[in-house]
Amino acid sequence: MPRTTRRQALVTIAAGLSARSLARPQDYAPTVLTAEEHDILGFLVDTILPETETPGAREVGVHSMIDEDLQTDSSSLVLLRDGLEELREAGFADMDSPERTRLLTRYSEADGTQREFFDVVKGLTIDAYYSTEVGLVQELGYQGNTYLQEFVGCTHDHEIGNGA
Amino acid sequence: MANDHDVLIVGSGAAGGMAAWNLTRKGAKVLVLEAGERFDPASFWSHVKPWEARERRRQGEEPPAFEELPLRESPYQTLEGHSFLLRRVWGVGGKTNIWGRVSLRYGDVNFSEPAIDGWEIPWPVTYDQIAPYYDNVEKLIGVCGGDDDSRFLPGSKHHLPAPNQRCGEVLLIKGAEKAGYGVVRGRRAVLTREHRGRAPCHYCGACGRGCDIGAFFNSPDYLLADAMATGRLELRENSIVSHVLCDEEGMASGVRYFDRLSGEDRTVAAKRVVMAASAVDSTRILLNSKSSAHPNGIGNGSDVIGRYLCEQFRFHVYAFAPQLYGRAASNDDGISGGHIYIPRFEGPEQERDYLRGFGIQLWGIGCGNNAGFAKRMEGFGAGFKDAVRRSYPALIQMHPYGEVLPYRHNRVSVEGTPPDRFGVPTLRIEYRLGENERRMIPRMYDVVEEILHSMRAEPLPYQRGELDELGAAIHEHGTCRMGEDPKRSALNGFMQMHEVPNLFVVDGSAFPTPTEKNPTLSILAFAWRSTDFLADQMRTGEV
């Protein structure tokens, strides 16, 4: 039996727990965005929160979660569509990772709609990614919302002076 | 339907629940009309994790929609450019199902300063008069806290143990004290040990979704259940009260309401009516209750009902305590919300060019169930993701709440508004801040910055002067205020209408000022005192 790496294990958790009905996130069929928009969004969210020790945003299906949420809240849809169209024209899907980063850096430093588009997608990505078990538990170490006999609180000897 | 009730109560939240509890206890037969339905604690998503919530929604499940009903049945308008967020819960227990549980006594300063500074009318009740009721309420519902009292925050001998502090709170206390600001244990209506047979909090941190075991005060578990057990309470759900009816002399004679499910238009007679539908909705009903005896709305010959709406204003500053960067995440849920509080304080005289003051709430400290703070951090990519993880345990937040003076132009009204589906006029809310608040805001930012600087915190970007949406504190007051002078107030100090002695209004609308504090503890104390008075009046045959 092949050994399971930590990363593979986390991906399995991502597929199995975070997105149970999306047994394989890559198979998700978008309902609001077009397939092409959904693909580009996948590369975009993965540029914002890429794979590190833990899976990236695309792998846990953040772009699909955004599409899913657009069904009930479409307030950002026009902005998203226009921005994704601009990325399509720029060939975002075919860029390599450094190229994507360079382009997104320009967006994040721009004024007007490019910056607005970046901020909106970043916000949606953060909300979705850190609501998954991978993002919240594996990445951040969240342990909350459980039954405790007592709340121990801070047990350290914190001082404001040493800054360490 | 035969009616043999002694008292009819409109609403079942903190005020209505207390009125029903106290009156049934004293032998009165009570009918409570509630616009919504009972929320089933078994349906609360108290222990549903964020990723499980998404999965449940995919399966078509939803948690109780606490705030949906009033927006659907009775929407409200605001003036162009002056938004006001009105958050209401229609349903048994009202907002106590999901409230913030902060339980701070108003102090002698809060009660006496309107008479001293002349803005706008004096409170008709002193701290000494209400203090025994604060004692009673705290003993009844269970409030955790410390014994760290001050002139601005009188204390209690009845506090349950205060919860331990999170790391960020320990650092905030040190920083605030170094900067010269006192920090107290939070006072919250959460059971930190078993209290009157109720199980204590298990620190799951999900109070805002409703507590499945009732470990924080809520009207259904703590008041209505006891009232029901007396056999003298009838609770009628789905009853949307539209009008208080009156007889030819102008005395209250009953109410008109609509059955929310059948749409049926009904009236029920009553010897005494107690309004407890929350500040804004009670006021709406009173203003809609026009008759030849009360052409301006029942009890409103003085034209004060609907006016002097006062809430608090607040803002939020987020920062990181660098001492906590990169630490292992911990379970920081505690009793959910702040375990500490910075009460109003004495400032150097020259710095006070405004009346009243503010306190600072400190919730959202430490590891939470989201990373919303990261939206304010610069950048993206692997480095950003790493920075988010390192910052996550270091998050601190400060939330100052400032008192808003009562202004005549801040009001709720029903003139020319669209009707609801039963033909009853809905609300319009007009609300804006004045000069006094504009002077307080810079001082609030100064204090926040002093404390952050003192603890070496690194703030996330914010704009000085920025405020949360008005109304967001959910502490509406003033629109049916009590006072000694019948020309300037609608109720006397026992919350009895000057013009209609068998009509009482026991919710937050009766408070002439909002103070800088959260009102539920005070609403409970005043409703208890008012219904003690009503029961006495009934016994002597006065009403």
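**Salt bridges and interfaces in a two-chain predicted model**

Let me begin with one pair of neighbours: the side chains of K517(B) and E516(B) meet in a salt bridge, with 3.9 Å from N to O. Both partners are buried: K517(B) has a relative accessibility of 1%, and E516(B) likewise has 1%. I should say at once that this is a predicted model, and that what follows rests on values computed from it.

A second buried pair is found in chain B. R166(B) forms a salt bridge with E169(B), and their closest N and O atoms are 3.0 Å apart. R166(B) counts as buried at 3% relative accessibility, and E169(B) counts as buried at 0%.

The third pair I wish to show joins D532(B) to K26(B), at 3.4 Å from N to O. What does this salt bridge tie together? D532(B) belongs to helix α11 of chain B, residues 520–539, while K26(B) sits in the loop between α1 (14–25) and β2 (30–33) of chain B, so the pair links parts that are 506 residues apart in sequence. As to accessibility, D532(B) is buried, at 14%, whereas K26(B) is partly exposed, at 42%. For the wider setting, the structure holds 50 salt bridges over all chains.

I turn now to the domains of chain B. The domain assignment gives two of them, and each is assembled from separate stretches of sequence. Domain 1 consists of 1–41, 65–90, 105–124, 212–311, 407–432 and 476–543, and domain 2 of 145–186, 312–403 and 433–469. Where they touch, domain 1 of chain B contributes 23 residues and domain 2 of chain B contributes 25 residues. The centres of the two domains, taken over C-alpha atoms, are separated by 33 Å.

How much area is buried between domain 1 of chain B and domain 2 of chain B? The figure is about 1900 Å², of which carbon and sulfur atoms give 45%. On the side of domain 1, R105(B), V109(B) and E516(B) lose the most area to domain 2, and together they account for 34% of what that side buries. E516(B) is thus a residue we have already met, as the partner of K517(B) in the opening salt bridge.

Between these two domains there are two salt bridges. E113(B) forms a salt bridge with R344(B), with the closest N and O atoms 2.9 Å apart. Eleven residue pairs are in polar contact between the domains, both residues being at pLDDT 80 or more. The residues of domain 1 of chain B that touch domain 2 of chain B divide into nine nonpolar, six polar and eight charged.

Next, chain A. Its secondary structure comes to seven helices and zero strands. Of its 164 residues, 45% are buried. Among the contacts in chain A with a separation of 6 or more, 69% are between residues 24 or more positions apart.

That brings me to the interface of the two chains. Chain A gives 57 residues to the contact and chain B gives 54 residues. Together they bury about 4700 Å², 57% of it on carbon and sulfur atoms. Which three residues supply the most of the area that chain A buries against chain B? They are N145(A), F151(A) and I160(A), which supply 20% of that area, more than any other three residues.

The polar side of this interface includes six salt bridges between chain A and chain B. R389(B) forms a salt bridge with E139(A), where the closest N and O atoms are 3.3 Å apart. In addition, 30 residue pairs are in polar contact across the interface, both at pLDDT 80 or more. The elements of chain A that give two or more residues to the side touching chain B are α2 (35–48), α3 (62–70), α5 (97–109), α6 (113–129) and α7 (133–139). The largest share, seven residues, comes from α6(A). By class, the side of chain A that touches chain B has 23 nonpolar, 23 polar and eleven charged residues.

I close with a group of charged residues drawn from both chains. Side chains of opposite charge can pair when their charged atoms come close. Here E68(A), D69(A), R54(B), E55(B) and R58(B) are linked in a network of salt bridges.

How values were computed
Residues numbered from 1 in each chain as written. Chains lettered and ligands numbered in written order. Predicted model: local features only at pLDDT ≥ 70, side-chain atom pairs only at ≥ 80, totals over all residues. Heavy atoms only, no water. Domains from an automatic or database assignment. Contact = heavy atoms within 4.5 Å. Buried area = accessible area lost by both parts, 1.4 Å probe. Salt bridge = Lys/Arg side-chain N within 4 Å of Asp/Glu carboxyl O. Polar contact = N/O pair within 3.5 Å; in protein donor to acceptor, adjacent residues only side chain to side chain. Nonpolar A, V, L, I, M, F, W, Y, C, P; charged D, E, K, R; others polar. Helix = DSSP H or I, 4+ residues; strand = E, 2+ residues; numbered from the N terminus. Buried < 20%, exposed > 50% of the residue type's maximum accessible area, 1.4 Å probe, protein only.
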